[in-house]
Amino acid sequence: MDDIWIHITLFIFGLAIGSFLNVCIYRIPLPDKSIYSPRRSFCPECNQSIKAYDNIPLLSYLLLGGKCRYCKTKISIIYPIVELATAVLFIVMYLRFGKTLEFVLAVIFVSVLIPIFVIDARHYIIPNGISLTGLILGLGIVGIIAYQKGSIDYLRIRLIGFVAGGLALWLIAFIGSAIMRKTAMGGGDVKLMAIIGLFLGAWKELVMVIGISALTGAIIGTLLIVIWKRDRKSPIPFGPFLAGASVVVLLWGDQLWESYLRFAGWN
Ligand SMILES: [Zn+2]
């Protein structure tokens, strides 16, 4: 297949997965809904079930002008953005990893990170179900890749990443809570960091993810307070920063590490 057809297929596949991730993003935080029931999508405002032709990723949002066909309530722009971001990231991962199992691992990783990013930003929680799904799928593919490579090291370094990632963030949360005398970070962040370690491996990847997310979190947290006059006491979820940093390290980790060492004069 020509590369252009692979890109088009991946884009459409990414939109479809993004649409499923939207179902997760909307329903998982709600106590009375699950991703299986109700079967059909519905408008949260007027409860009308949404017809298949109004449920095409990205396209339906544009054709409906971002409003429900029946009650004209605005549909959040987050949903088409999630679909587009998923599709674009799938293509970016293909450009980075090509036709490999690492590409499959990367696609699963971003499909776990995207709903965590949005749900944590909105609700300040990282649902256990998503982390657990990431753990099971991640372990499976990592195991298959290790078997295919005939490399027990590949598996070992990722299991170390899982344990060390979780422990590192637990320690940071523990010390942070002791200093600030309040919960600095939730258990959801600790579990997420363990998953990140499983997908990315140890050790420099863990250092980079924690470093980049702490830095960007501090910058954006300061901007929120200084420019947008947000209350100093209002919580800032850490999950979105961990997720964003993970994608950066997944794509450019090696180059980033090289330039950091050169910059620090160690290389
Ligand atoms: Zn409606």
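**Helix packing and domains**

Tutor: In this predicted model, helix α4 passes helix α5 in a left-handed crossing, a term used when the near helix is turned anticlockwise from the far one by less than a right angle, clockwise being right-handed. Residues are numbered from 1 along each chain as its sequence is written, and side-chain values use heavy atoms, without hydrogens and water. Local features need pLDDT of at least 70 and side-chain atom pairs count only at pLDDT 80 or more, while totals for chains, interfaces and linings use all residues.

Student: At what angle do α4 and α5 pack, and how far apart are their axes?

Tutor: Helix α4 (residues 101–123) and helix α5 (residues 128–149), both DSSP runs (H or I, at least four residues) numbered from the N terminus, pack at about 165° with their axes 10 Å apart. That angle makes α4 roughly antiparallel to α5, since the word applies to angles over 145 degrees, taken between N-to-C directions of axes fitted to C-alpha atoms over the stretch in contact, on a scale from 0 to 180 degrees.

Student: Which residues make this contact, and how do they divide by class?

Tutor: Contact means heavy atoms within 4.5 Å, and the residues that meet this include Leu105, Ile108 and Ile116 of α4 and Leu137, Ile141 and Ile145 of α5. The contact of α4 with α5 divides into 14 nonpolar, 4 polar and 2 charged residues, where Ala, Val, Leu, Ile, Met, Phe, Trp, Tyr, Cys and Pro are nonpolar, Asp, Glu, Lys and Arg charged, and the others, Gly among them, polar.

Student: Why are α4 and α7 called roughly antiparallel?

Tutor: The axes of α4 and helix α7 (residues 187–200) come within 11 Å and cross at roughly 160°, and the two helices are therefore roughly antiparallel to each other. The crossing of α4 and α7 is left-handed, and among the residues that meet are Phe109 and Leu113 in α4 and Leu192 and Phe199 in α7. By class, this contact has 9 nonpolar, no polar and 2 charged residues.

Student: How do you know where domain 1 and domain 2 begin and end, and what area is buried between them?

Tutor: The bounds, domain 1 (1–99) and domain 2 (100–267), come from an automatic or database domain assignment. About 1,800 Å² is buried between domain 1 and domain 2, with 79% of it from carbon and sulfur atoms; buried area is the accessible area (1.4 Å probe) that two parts lose on being put together, summed over both. Ile25, Met93 and Phe97 supply 32% of the area that domain 1 buries against domain 2, more than any other three residues.

Definitions and conventions: Angles under 35 degrees count as roughly parallel, over 145 as roughly antiparallel, 65 to 115 as roughly perpendicular and the rest as oblique.
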